[in-house]
Amino acid sequence: MAKAGLKVLLLERRSVVGGTAVTEEFFPGFRNSTASYTVSLLNPKIIKDLNLHHHGLKIVERKAGNFLPINAKDYLLTGRNNKELIEQISKFSQHDAEMAPKFFTMLEQCADVLRDLSLQTPPNLQIGLRQGGIRNIGNLIKCGLIGKKMSFEQRNNILDLFCKSAAEVLDQWFESDIVKALFAFDSVVGNFGSPYSMGSAYVLLHHVFGEVNGKKGIWGHAVGGMGAITQAMLKEAQHHGVTVITDAAVKRVIVNHDAAEGVILENDTPYQGRAIVANVGPKLLYLQLIDSEHLDP
């Protein structure tokens, strides 16, 4: 918005910007990422558009992924070398060692489809030719062309990953419970569900469709913690004239004649604006920050 010439004010409730991508001191002299903790899904276009590397962002690639100890000497380790992993898998199942490369290829092909879609606006199938209709039809055509490039097998694989549980998908590919356990871990990280929960198969795909430093499917760590990302974003925003005020909790949205005209902070400081953008959840926004008299029952 600042790049477009608008005068922008950002009000942040906390003492630091960044939401859940922050680095904080948890004990005197010790700092760490306190919520989100690893990088892969930060789109390269965002990094480029916001000049994050110019503002000091550096991401080091994670050398290994999941470690599954089996006994005192045997283990499975992902993320370092697929050839080495396949050799490890062969100790438990020759069938699974033969299927693993095909499984990796399937995930990567499906991830490529998601990468193509990630910067497309999803078509709204309800508005038709009404408001924004021509642009919406353009979005529909773009998404349709991406789908048309897929083979029948790829479409089935994507449907499986979007709709089934991770356990169902892994059962289709592998026979060893140990091998399935290794990959199933990726379906539960950050997901409030088990590998048997419907939809958990998508999280398998979620773990391979990002990239770091131009390398697909890689995960990494921001030097300085996750706060290094949002501090770099802050510097770019300030470079374009954005005013940022921290420790500025909003108490109420000012509404006049059915239009939001500003906000009042908890310290009773008012701010007026031509447009108000709220990044809080709708229940907090409508039930706590806007008086009920301004809302339809």
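**Figure 1. Buried residues of helix H6 in the predicted model.** Helix H6 spans residues 166–173. Five names mark its buried side: Ala166, Ala167, Val169, Leu170 and Trp173. Seen down the axis of H6, these buried residues fall within an arc of 165°, so they line one face of the helix. An α-helix has 3.6 residues a turn, so residues three or four places apart point the same way.

**Figure 2. What covers the buried residues of H6.** The cover includes four helices. Helix H3 (94–118) and helix H5 (152–163) are among them. So are helix H7 (177–184) and helix H8 (201–206).

**Figure 3. Thr23 and its polar partners.** Thr23 belongs to strand S2, which covers residues 23–27. Its relative accessible area is 12%, under the 20% limit, so Thr23 counts as buried. Two backbone atoms lie by polar atoms of its side chain. The backbone oxygen of Gly224 is 2.8 Å from a polar atom of the Thr23 side chain. For the backbone nitrogen of Met226, the distance to a polar atom of that side chain is 3.5 Å.

**Figure 4. Contacts of Thr23 beyond its sequence neighbours.** Neighbours within four places in sequence are left aside here. Thr23 then touches Arg31, Asn32 and Ser33. Thr23 is also in contact with Gly224, Gly225, Met226, Gly227 and Ala228. Gly224 and Met226, the residues of the backbone atoms in the previous view, appear in this contact list.

**Figure 5. A nonpolar surface patch with Leu6.** Met1, Leu6 and Val277 make up the patch. Together they have about 330 Å² of accessible area. Leu6 sits in the segment before strand S1 (9–11). With a relative accessible area of 39%, Leu6 is partly exposed.

**Figure 6. The whole protein chain, for context.** The chain has 297 residues, and 35% of them count as buried. It holds 10 helices and 13 strands. Its C-alpha atoms fill a box of roughly 70 × 60 × 40 Å, taken along the principal axes. The accessible surface of the chain comes to about 18,800 Å². Carbon and sulfur atoms account for 56% of that surface. Among contacts in the chain with a separation of 6 or more, 58% join residues 24 or more positions apart.

Notes
Residues are numbered from 1 along each chain as its sequence is written. This is a predicted model: local features need pLDDT of at least 70, side-chain atom pairs count only at pLDDT 80 or more; totals for chains, interfaces and linings use all residues. Side-chain values use heavy atoms; hydrogens and water are left out. Buried means under 20% relative accessible area, exposed over 50%, partly exposed in between (1.4 Å probe, protein chains only). Helices (H or I, at least four residues) and strands (E, at least two) are DSSP runs, numbered from the N terminus. The arc is that of the directions from the helix axis to the C-beta atoms. Contact means heavy atoms within 4.5 Å. A polar contact is a pair of N or O atoms within 3.5 Å; within protein, one must be able to donate a hydrogen and the other to accept it, and residues adjacent in sequence count only if both atoms are side-chain atoms. Patches are made of residues with over 30% relative accessible area and no salt bridge: like charges are joined within 9 Å, nonpolar side chains (Val, Leu, Ile, Met, Phe, Trp, Tyr) within 5 Å. Accessible areas come from the Shrake-Rupley method with a 1.4 Å probe; for residues, only the protein chains shown count as cover. A salt bridge is a side-chain nitrogen of Lys or Arg within 4 Å of a carboxyl oxygen of Asp or Glu.
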